[in-house]
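I opened a notebook on this structure and meant to keep the entries short. The topics are empty space, overall form and a few local details of the backbone.

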Amino acid sequence: MLVDVHCHLNFKDYDKDRDEVVKRAEKLNMTIIDSGTNLKDNKKSLELSKKYKIIKSSLGLYPLHAIKLNEKELENEINFIKENKDNIISIGEIGLDKSEEDCDFEKQKEVFQRILSLAEKINKPVVIHSRKAEKECIDILETFKIKNIDMHCFGGNFKLVKRIQDNGWFFSIPTNIVRLLHFQSIVEQTPTSQLLTETDSPYLSPYKDKRNEPSFVVETIKKISEIKKLDEEETKKLIYMNFQKIFLKK
């Protein structure tokens, strides 16, 4: 059983061939977690989870989108997640992002904490986006009692990697691990029991100039197996056990 714990099949990039993309994943006996980033995409993600058996929905609020919303719009987005708590497998992606100059970081932190409070209240795992704000994300997460945390596509330094390991959280490793030493080093230094696989489709493809898709997660499995000196089937089983531990545990 293969797992892609973070992708965006709800994006318009797949409007022309979504069925074919899902069929390729079905042939690999995959489970896919489709992540929303705003109200429109969250609604689409829920639709996909109802249409395709292999897709589970994770509703989120992208930090750079959140800062553009007024209070009423923010409440609508957060309430939508709350109202659909029984239809989702997790909350995400959520987090912090300092990649843009005009990023209203204080508002980002306030929204992040509000959604984490909801996750804590309804007992859902969270998928965390932390671009150029890795330390701040960890600092805030450590103030909550949420145990099931996936650090998606984590780009922070190895002191922060160690903090995440010590907290017992997870890293979902993207498919571009095939060419990025940073992700290879995270895998090398992290116990297999804290690793997950993701694609972040349509981004971070392992193949140059090719749109990413969930079936490409096989490349992450190959690279993790190579680094950990494991048989690929064994790696698949271990990753699936981790998926069950974080996303299916009641």
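Before looking for empty space I fixed my terms: a cavity is a set of grid points where a 1.4 Å probe fits but cannot get out, and its volume is the space filled by probe spheres set on those points. I also noted that the model is a predicted one.

**Entry 1. The cavity**

I asked how many cavities of 30 Å³ or more there are. The count gave one. I then looked up the space in the largest cavity and found about 30 Å³.

Next I listed what lines the largest cavity: Leu61, Pro63, Ala66, Ile94, Gly95, Gln108, Val111, Phe112 and Ile115. I noted the elements that give two or more residues to this lining, and they are α3 (63-66), β4 (90-95) and α5 (105-122). The largest share, four residues, comes from α5. I sorted the lining by class and got seven nonpolar residues, two polar and no charged.

**Entry 2. The pockets**

I turned from closed space to open space. The largest pocket has a volume of about 510 Å³. I found 21 residues in its lining, and those nearest its centre are Asn123, Pro125, Asn148, Ile246 and Lys249. Both α5 and α10 (232-248) supply at least two residues of this lining. Which element gives the most to the lining of the largest pocket? I found that α10 does, with four residues. By class, the lining of the largest pocket has nine nonpolar, four polar and eight charged residues.

I did the same for the second largest pocket, whose volume is about 370 Å³. Its lining holds 19 residues, with Tyr62, Glu93, His129, Arg131 and Asp200 nearest the centre. I counted seven nonpolar, eight polar and four charged residues there.

**Entry 3. The chain as a whole**

I stepped back to the whole protein chain. Its secondary structure comes to ten helices and eight strands. The C-alpha atoms fill a box of roughly 50 × 40 × 40 Å along the principal axes.

I wanted to know how the radius of gyration sits against that of a compact globule. A compact globule of 250 residues would have a radius near 18 Å; this chain has 17 Å, so the value agrees with such a globule.

I looked up burial and found that 57% of the 250 residues are buried. The accessible surface is about 11,800 Å², and 47% of that belongs to carbon and sulfur atoms. For contacts with a separation of 6 or more, I noted that 69% are between residues 24 or more positions apart.

**Entry 4. Met30**

I picked one residue to follow in detail. Met30 lies in strand β2, which covers residues 30-35. Is Met30 buried or exposed? Its relative accessible area is 2%, and the cut-off for buried is under 20%, so Met30 counts as buried.

I then checked the surroundings of Met30. Leaving aside neighbours within four places in sequence, I found Met30 in contact with Met1, Leu2, Val3, Asp4, Ala25, Ile54, Pro214, Ser215 and Val217. For one of these, Asp4, I also took the distance: Asp4 and Met30 are 26 residues apart in sequence and 7.5 Å apart in space, C-alpha to C-alpha.

**Entry 5. Backbone details**

I kept in mind that most peptide bonds are trans and that most residues other than glycine have a negative phi. I searched for departures from this.

A cis peptide bond joins Gly92 and Glu93, with omega about 10 degrees. Glu93 lies in strand β4, and I had already met Glu93 among the residues nearest the centre of the second largest pocket. The bond from Ser201 to Pro202 is cis too, with omega near 10 degrees. I placed Pro202 in the loop between β8 (195-197) and α9 (217-228).

For phi, I noted Cys153, with a positive value near 50 degrees. Cys153 sits in the loop between β6 (149-152) and α7 (158-167). At 23% relative accessibility, Cys153 counts as partly exposed.

I also noted Asp209, where phi is positive and near 60 degrees. Asp209 is in the loop between β8 and α9. Its relative accessibility is 78%, so I entered Asp209 as exposed.

Notes: Residues numbered from 1 in each chain as written. Predicted model: local features only at pLDDT ≥ 70, side-chain atom pairs only at ≥ 80, totals over all residues. Heavy atoms only, no water. 1 Å grid on protein atoms, 1.4 Å probe; cavity = no way out; pocket = protein on both sides within 12 Å on 5 of 7 lines; lining within 4 Å. Nonpolar A, V, L, I, M, F, W, Y, C, P; charged D, E, K, R; others polar. Rg over C-alpha atoms; globule rule 2.2 N^0.38 Å. Buried < 20%, exposed > 50% of the residue type's maximum accessible area, 1.4 Å probe, protein only. Contact = heavy atoms within 4.5 Å. Areas by Shrake-Rupley, 256 points an atom, 1.4 Å probe, with all protein chains shown as cover.
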